[in-house]
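Trainee: I have just opened this entry and would welcome a short tour. May we begin with the surface and then move inside?
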Amino acid sequence: MKTNKKIIEFIPFFVMIALSIITICIYLISMNGNDGIKVLKIFIALFASLLIPLINVIFKIKVPIILNILVTFFCYVSLQLGSVLDFYGLIPYYDKFLHTTFGFTGALAVFIFLLYGNGRNLKSWCFFIIIMLCVVGIAGFWEIYEYVENIITNSNVQRWMPNMGEVGDMSVSEFFKTYDPLWDTIWDIIVAAFGVVIFYVFVFIDKLCGYKACKSIYNQVQVSTKQTNKTVE
């Protein structure tokens, strides 16, 4: 029984292996890809799906599998579909979808982290404010990372460079009325916060259903915490 549960923890990783093979085949064969950084991102996404099961084994805890499923999904759609297969350029506002997904996934991660840190003793309003502040803070740090990457690689990760093909015969004043270099950065943080709001809605709906999902996560954390305490003792 314990062996079966351990195998279940690695299901997202096994699925990601299959998806990674498909992604690398499409990139190398159909797209004639030769960018080593993009190939590296495929393996980073694959490793990310293995990270939580490894944490469970090393620290002898049990992070609820739903978090690993969401992390695996996020890494697949952002790194493999977005960066490697260029879904950023194919689908309008794909970037905003990813930041919203991050907001929801990050909210669940902070939710579980707080449960492990005895956060159940916090008042509910304080508990959920901490979740929002943590996710928005991480989203802000990510924008700092993108800014640093822009400087080092001279790229346009934050999409601040204007599309000169759309400028035409505009005057300087006309150009600056429509040009907003901070638009992408600010909206990335806003939609991440919106992802947290979606998480709040999920928790509220779960409350109406008797906290079935939240209780399941809480019980998994409780069992994990008791096992860890016994190991320490």
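**Surface patch and nonpolar cores**

Mentor: On the surface, a nonpolar patch is formed by Ile-7, Ile-8, Ile-11, Phe-14, Val-15, Ile-17 and Ile-21, with about 590 Å² of accessible area together. Please keep in mind that this is a predicted model.

Trainee: Which helices each supply at least two residues of the nonpolar patch?

Mentor: Helix 1 (2-9) and helix 2 (11-30) each do so. The largest share, five residues, comes from helix 2.

Trainee: Where does Ile-7 lie, and how exposed is Ile-7?

Mentor: Ile-7 lies in helix 1. Its relative accessible area is 44%, so Ile-7 counts as partly exposed, a class that runs between 20% and 50%.

Trainee: Turning to the interior, how many residues does the largest nonpolar core have?

Mentor: The largest nonpolar core has 22 residues, and those with the most contacts inside it are Leu-108, Phe-111, Ile-112, Ile-131 and Phe-199. At least two residues of this core come from each of helix 4 (65-84), helix 6 (94-116), helix 7 (124-153), helix 9 (183-208) and helix 10 (212-232).

Trainee: Which helix gives the most to this core?

Mentor: Helix 6 does, with seven residues.

Trainee: What is Ile-112 in contact with, leaving aside its neighbours within four places in sequence?

Mentor: Ile-112 is then in contact with Pro-64, Leu-67, Ile-217 and Val-221.

Trainee: Which residues does the second, separate core include?

Mentor: That second core has 18 residues, among them Phe-13, Met-16, Leu-46 and Leu-79.

Technical notes:
Residues numbered from 1 in each chain as written. Predicted model: local features only at pLDDT ≥ 70, side-chain atom pairs only at ≥ 80, totals over all residues. Heavy atoms only, no water. Patch = residues over 30% accessible without salt bridge, like charges linked within 9 Å, V, L, I, M, F, W, Y side chains within 5 Å. Areas by Shrake-Rupley, 256 points an atom, 1.4 Å probe, with all protein chains shown as cover. Salt bridge = Lys/Arg side-chain N within 4 Å of Asp/Glu carboxyl O. Helix = DSSP H or I, 4+ residues; strand = E, 2+ residues; numbered from the N terminus. Buried < 20%, exposed > 50% of the residue type's maximum accessible area, 1.4 Å probe, protein only. Core = buried A, V, L, I, M, F, W, Y, C linked by side-chain atoms within 4.5 Å. Contact = heavy atoms within 4.5 Å.
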